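The following exercises ask the reader to work through the strands, helices, cores and charged pairs of one protein. Each task is followed by a solution in steps.

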Amino acid sequence: LCGLSKQDTAPTQELFDSLVDTRDSERLRSSLRETRLSGVPGVIEYRITRTDGSSRWLRQEHELIEGGSESPRMIGTIHDVTLQRETADALRHNDERLRAVLNVSAIGIAIVENDGRTVYRNRASTDLLGYSNQEMEQPTLEEVATAADRSRISDLRAHLAQGETHVELDSPAGFVRKDGTITYLDVSVTRAGAGKDTVRVVNLR
């Protein structure tokens with residue numbers, strides 16, 4: 001893990017501590033100290049700089065096995081989680097870029113879970129209806145549709161539940177904006193994903 005050789009170097013706690021990234025060393029010491037004092041097992045991820053100069057992320061789990069003395073004994077495991085960290089960072093970066101692209105789209109886009117919860121709305125969708133993202137967390141698209149068009153919106157969801165992957169209205173539907181005015185929008189819904197990870201992507205324009 002650390003790039004040390006048994007033949008070249010005798011591993012010591014001091015040597016290992018010297019490899020821990022200075023940005024994480026205090027967090028690591030604090031986690032170990034907390035376990036020694038409370039007896040509660042600890043879990044922490046931190047960076048090290050290997051002897052070859054490369055950087056790695058480690059996940060450490062430790063617990064107290066003998067306390068009540070000046071030299072308490074602890075046991076633990078350390079795993080290399082660099083790949084998981086790099087993958088998560090790449091996904092987060094891609095997600096941020098995707099959100100930036102969606103936010104400059106003139107088409108309103110919303111992502112809706114199977115249970116009806118809206119987990120994402122781009123800027124255009126909030127502008128079209130006049131609500132902020134926070135205000136639109138609870139009401140569904142059906143609830144802000146006019147009474148005359150509410151059943152048409154519900155029918156789209158029903159068609160998706162029957163196995164269709166893309167449905168759209170044949171004419172604009174009316175929606176009540178926050179200021180009380182009525183706006184008419186074209187609506188299409190696409191099913192994305194599979195199984196319990198399925199979501200509905202709603203387009204408004």
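## Exercise 1. The three-stranded sheet

Strand E1 (residues 42-49) and strand E2 (residues 55-66) are paired in the antiparallel sense over eight bridges. The coordinates come from a predicted model.

**Task.** Describe the hairpin of E1 and E2, and determine the order of the open sheet of three strands.

**Solution.**

Step 1. Locate partners across the pair. Thr49 has Ser55 in E2 as its bridge partner, and Tyr46 stands opposite Leu58 in E2.

Step 2. Inspect the connection. The hairpin of E1 and E2 has five residues between the strands, and Gly53 takes a positive phi near 95°.

Step 3. Extend to the sheet. The order is E1-E2-E3, with antiparallel pairing. E1 and strand E3 (73-80) are the edge strands, since each pairs on one side only. From one strand to the next, the twist averages 30°.

Step 4. Add the helices. Helix H3 (residues 82-103) packs on the sheet, where it touches E1, E2 and E3, and its direction makes about 125° with that of E2. Helix H2 (residues 22-38) lies across E1, E2 and E3 and runs at about 150° to E1.

## Exercise 2. The five-stranded sheet

**Task.** State the order of the five strands that form an open sheet, and identify the edge strands.

**Solution.**

Step 1. Read the order. The strands follow E5-E4-E10-E9-E6, and the pairing is antiparallel.

Step 2. Find the edges. Strand E5 (118-121) and E6 each pair on one side only, which makes them the edge strands. The twist averages 20° from one strand to the next.

Step 3. Examine one pair within the sheet. Strand E4 (residues 108-113) and strand E10 (residues 199-204) pair in the antiparallel sense over six bridges. Glu113 has Val199 in E10 as its bridge partner.

Step 4. Consider confidence. E5 has the lowest confidence in the protein, at a mean pLDDT of 84, whereas strand E8 (residues 182-185) has the highest, at 96. The protein averages a pLDDT of 87, and 93% of the residues score at least 70.

## Exercise 3. The nonpolar cores

**Task.** Determine which residues of the largest nonpolar core touch the most other members, and which elements give two or more residues to this core.

**Solution.**

Step 1. List the residues. The largest nonpolar core has 19 residues, of which Leu129, Leu141, Ile153, Phe175, Val187 and Val202 touch the most other members.

Step 2. Assign the elements. Two or more residues come from each of E4, H5, H6, E7, strand E9 (187-192) and E10. H6 gives the most to this core, with three residues.

Step 3. Follow one member. Not counting residues up to four places away in sequence, Val187 touches Leu141, Ile153, Leu156, Glu168, Leu169, Phe175, Val202, Asn203 and Leu204.

Step 4. Look for a separate core. Apart from the largest core lies another, of nine residues, including Phe16, Ile44, Ile48 and Leu58.

## Exercise 4. Salt bridges

**Task.** Explain why the salt bridge of Glu142 and Arg157 ties together parts that are 15 residues apart in sequence, and trace the salt bridges of Arg152.

**Solution.**

Step 1. Apply the cut-off. A salt bridge requires a side-chain nitrogen of Lys or Arg within 4 Å of a carboxyl oxygen of Asp or Glu. By this rule there are 17 salt bridges.

Step 2. Take the first pair. The closest N and O atoms of Glu142 and Arg157 are 2.9 Å apart, and the two residues form a salt bridge. Glu142 lies in helix H5 (residues 141-144) and Arg157 in helix H6 (residues 150-161), so the pair ties together parts 15 residues apart in sequence. Glu142 is buried at 13% relative accessible area, whereas Arg157 is partly exposed at 39%.

Step 3. Trace Arg152. Asp149 forms a salt bridge with Arg152, with the closest N and O atoms 2.8 Å apart. Arg152 also forms a salt bridge with Asp170, where the corresponding distance is 3.4 Å. Arg152 lies in helix H6 and Asp170 in the loop between strand E6 (166-168) and strand E7 (173-176), so this pair ties together parts 18 residues apart in sequence.

Step 4. Compare the acidic partners. Asp149 is buried, with 10% relative accessibility, whereas Asp170 is exposed, with a relative accessible area of 77%.

Step 5. Record the network. Glu45, Arg59, Glu61 and Arg85 are linked through salt bridges.

Key
Residues are numbered from 1 along each chain as its sequence is written. This is a predicted model: local features need pLDDT of at least 70, side-chain atom pairs count only at pLDDT 80 or more; totals for chains, interfaces and linings use all residues. Side-chain values use heavy atoms; hydrogens and water are left out. Helices (H or I, at least four residues) and strands (E, at least two) are DSSP runs, numbered from the N terminus. Buried means under 20% relative accessible area, exposed over 50%, partly exposed in between (1.4 Å probe, protein chains only). Two strands pair if DSSP finds at least two bridges between them. Axes are lines fitted to C-alpha atoms, for helices over the stretch in contact, and angles run from 0 to 180 degrees between N-to-C directions. pLDDT is the predictor's confidence in each residue, from 0 to 100. Contact means heavy atoms within 4.5 Å. A nonpolar core is a set of buried Ala, Val, Leu, Ile, Met, Phe, Trp, Tyr and Cys residues joined through side-chain atoms within 4.5 Å.
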